[in-house]
Amino acid sequence: MLPVSQAEATILDLVKPLDKQRDAEFVSLLIAIERILAAPAIGHLDFPHWDNSAMDGYAVRYEDVQYASSQQPVVLEIVEEISAGRSPQQPIKAGQAARIFTGAVMPEGADTVVMQEQTQREGDRVAILTVPQPQAFVRHQASYYQAGKTLLAPGTMLRAAQIAVLAAAQCNQLKVYRRPRVAIISTGDELVHPETPLEIGQIVDSNQYALTALVTQTGAEPIPMGIVPDRPLVLQKAFSKAIATADVVLSSGGVSVGDYDYVEEILTALGAEMHVRSVAMKPGKPLTVAKFSPAHATERKPVLYFGLPGNPVSALVCFWRFIQPALRKLSGLADNWGPVYVRARSRQDLSSDGKRETYIWGQLHLIDGYFEFQPASGSLNSGNLINFAQANGLAIVPVGQTGIASGEEVKVLQFGFPIMS
Ligand SMILES: Nc1nc2c(c(=O)[nH]1)N[C@H]1C(S)=C(S)[C@@H](COP(=O)(O)OP(=O)(O)OC[C@H]3O[C@@H](n4cnc5c(N)ncnc54)[C@H](O)[C@@H]3O)O[C@H]1N2
Ligand code: MOO
Ligand SMILES: [Mg+2]
């Protein structure tokens with residue numbers, strides 16, 4: 001059994017991100033949400049585009065007002081009014097000012113803005129009552145960003161803030177990575193579709209639905225390939241088809257030691273390199289990871305194969321712990337692939353056999369900015385999917401520790417994604 005951290009390192013090492021050229025496509029800004037840039041976004045506009053005013057007030061020449069005071073105001077002639085969106089019509093000369101509003105373009109000759117509150121208007125003249133700082137309230141052209149530089153780097157996920165920046169910079173077409181394709185196979189003679197009435201011994205293939213949902217949430221493209229019975233030839237055919245179709249294959253079931261657990265045997269027969277056979281975690285112990293290298297130097301990348309345990313909770317725990325980070329790395333994201341961990345105070349005793357890293361599902365509550373963890377009620381065994389629906393996180397008891405007492409701090413894997421990138 002591989003320690004969890006070693007399994008994670010092995011898996012992330014096996015993942016080679018999608019290719020910036022071959023695996024990229026152009027999308028328009030409105031449908032680019034949560035896509036990942038495959039090329040730098042470069043703007044052709046400076047930010048600010050022009051020197052402009054940060055206040056409603058008067059655009060002046062600093063040298064004209066440098067000795068102003070309320071006792072001895074400097075009186076300037078107002079030669080024009082510049083509102084936002086208007087182009088100044090004339091330069092400001094000695095003794096002149098322009099009425100200006102927030103965001104409006106600075107007129108030539110003026111270098112400073114005096115806030116309206118520091119002035120007194122008298123018809124077409126304005127008295128300046130205090131000395132401003134030189135260049136006060138002028139937002140200088142290109143002081144935030146210079147045209148031609150990298151605005152957003154490759155590997156950036158496009159969320160609201162990034163999309164706002166790209167819209168402002170008139171970057172309407174973005175080169176983004178295609179979504180990784182993930183084939184999903186359920187193995188097992190006992191499995192049926194949700195609409196099929198159950199015969200004795202049968203159960204619904206819930207893993208297909210759970211994994212499809214998780215793959216979609218991770219920004220990848222799920223390819224649900226249905227149920228495959230526990231028959232080696234049929235399984236072999238289904239696996240070959242999945243490997244030929246997808247970047248990553250997820251199967252569930254058939255990875256333990258039972259007589260009908262064929263996954264490893266078939267992967268070996270198909271020429272896979274086996275990298276992980278079991279992991280010291282509970283649930284999720286029989287997780288199997290293999291790699292298929294392209295037979296010859298083709299355009300195709302290697303395909304990663306994850307044989308997940310069939311138990312519904314085990315399959316999902318393996319997804320959050322290993323597959324979500326692998327898909328995020330594959331998708332071209334620059335960093336932050338891993339799960340989100342938070343620290344929480346446990347509301348109950350949490351126990352483990354101490355031999356495997358133990359994942360206990362339950363509910364994280366955020367109370368006054370601090371997390372508390374409540375384990376799910378009822379049986380915590382990996383076949384019980386029902387109380388998993390109460391969970392939004394997994395408390396982790398490390399190897400060598402037989403428990404965490406109520407009131408103590410515990411590390412919790414929170415379902416979801418890191419906020420940035
Ligand atoms: N003698 C041993 N038996 C088992 C061991 C072991 O070490 N020695 N490990 C146990 C652990 S831990 C797990 S986890 C399971 C893994 O089993 P498999 O991956 O071989 O999965 P199956 O045997 O096919 O199924 C297990 C369980 O899950 C249900 N299942 C399977 N597929 C689905 C699906 N798509 N949707 C919903 N439920 C599914 C299946 O009906 C079984 O109940 O092995 C233990 N045994
Ligand atoms: O490892 Mo199994 O996944 O304990 O239930
Ligand atoms: Mg089995």
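## Ligand 1

In this predicted model, an oxygen atom of ligand 1 is placed 2.6 Å from an N or O atom in the side chain of Glu190. A polar contact here is a pair of N or O atoms within 3.5 Å; within protein, one atom must be able to donate a hydrogen and the other to accept it, and residues adjacent in sequence count only if both atoms are side-chain atoms. Two backbones also supply polar atoms: one in Gly254 is 3.1 Å from an oxygen atom of ligand 1, and a backbone N or O atom of Asn311 is 3.2 Å from an oxygen atom of ligand 1.

The surroundings of ligand 1 comprise 23 residues, of which the closest are Glu190, Asp205, Ser256, Lys285 and Gly310. A residue is counted as near a molecule or strand if one of its heavy atoms lies within 4 Å of it.

## Ligand 2

Around ligand 2 are Pro283, Gly284, Lys285, Pro286, Asn311, Ser314, Arg356 and Ser382. An N or O atom in the side chain of Ser314 is 2.6 Å from an oxygen atom of ligand 2. For Lys285, a polar backbone atom is 2.8 Å from an oxygen atom of ligand 2. For Asn311, an N or O atom in the side chain is 3.5 Å from an oxygen atom of ligand 2.

Pro283, listed around ligand 2, follows a cis peptide bond from Lys282, with omega near -5°. Pro283 sits in the loop between β19 (281–282) and β20 (288–292). Helices (H or I, at least four residues) and strands (E, at least two) are DSSP runs, numbered from the N terminus.

## Helix α7 and its partners

Helix α1 (residues 4–14) and helix α7 (residues 312–330) have axes that come within 10 Å and cross at roughly 25°. This makes α1 roughly parallel to α7. Angles under 35 degrees count as roughly parallel, over 145 as roughly antiparallel, 65 to 115 as roughly perpendicular and the rest as oblique. Axes are lines fitted to C-alpha atoms, for helices over the stretch in contact, and angles run from 0 to 180 degrees between N-to-C directions. The α1 and α7 crossing is right-handed; a crossing is right-handed if the near helix is turned clockwise from the far one by less than a right angle, and left-handed if anticlockwise. On the α1 side the contact (heavy atoms within 4.5 Å) uses Val4, Ala7, Glu8, Ile11 and Leu12, and on the α7 side Arg321, Phe322, Pro325, Ala326 and Lys329. These residues are seven nonpolar, no polar and three charged. Ala, Val, Leu, Ile, Met, Phe, Trp, Tyr, Cys and Pro count as nonpolar, Asp, Glu, Lys and Arg as charged, and the others, Gly among them, as polar.

Helix α4 (residues 206–217) also packs with α7, at an angle of about 25° and with the axes 11 Å apart. That makes α4 roughly parallel to α7. The crossing of α4 and α7 is right-handed. Ser206, Asn207, Ala210, Leu211, Leu214 and Val215 of α4 meet Pro312, Ala315, Leu316, Phe319, Trp320 and Leu327 of α7. The contact of α4 with α7 has ten nonpolar, two polar and no charged residues.

## Asp46 and backbone exceptions

Asp46 belongs to the loop between β2 and β3. Beyond neighbours within four places in sequence, Asp46 is in contact with Gln141, Ala142, Tyr145, Gln146 and Ala147. The side chains of Asp46 and Gln141 are joined by a polar contact of 2.9 Å. The C-alpha atoms of Asp46 and Tyr262 are separated by 61 Å, with the two positions 216 residues apart along the chain.

Most residues other than glycine have a negative phi, and most peptide bonds are trans. Ala142, although not a glycine, has a positive phi of about 65°; Ala142 is in the loop between β10 (138–139) and β11 (150–152). The peptide bond from Phe47 to Pro48 is cis, with omega near -15°, and Pro48 lies in the loop between β2 (41–42) and β3 (52–53).

## Conventions

Residues are numbered from 1 along each chain as its sequence is written, while chains are lettered from A and ligands numbered from 1 in the order in which they are written. Local features need pLDDT of at least 70, side-chain atom pairs count only at pLDDT 80 or more, and totals for chains, interfaces and linings use all residues; side-chain values use heavy atoms, with hydrogens and water left out.
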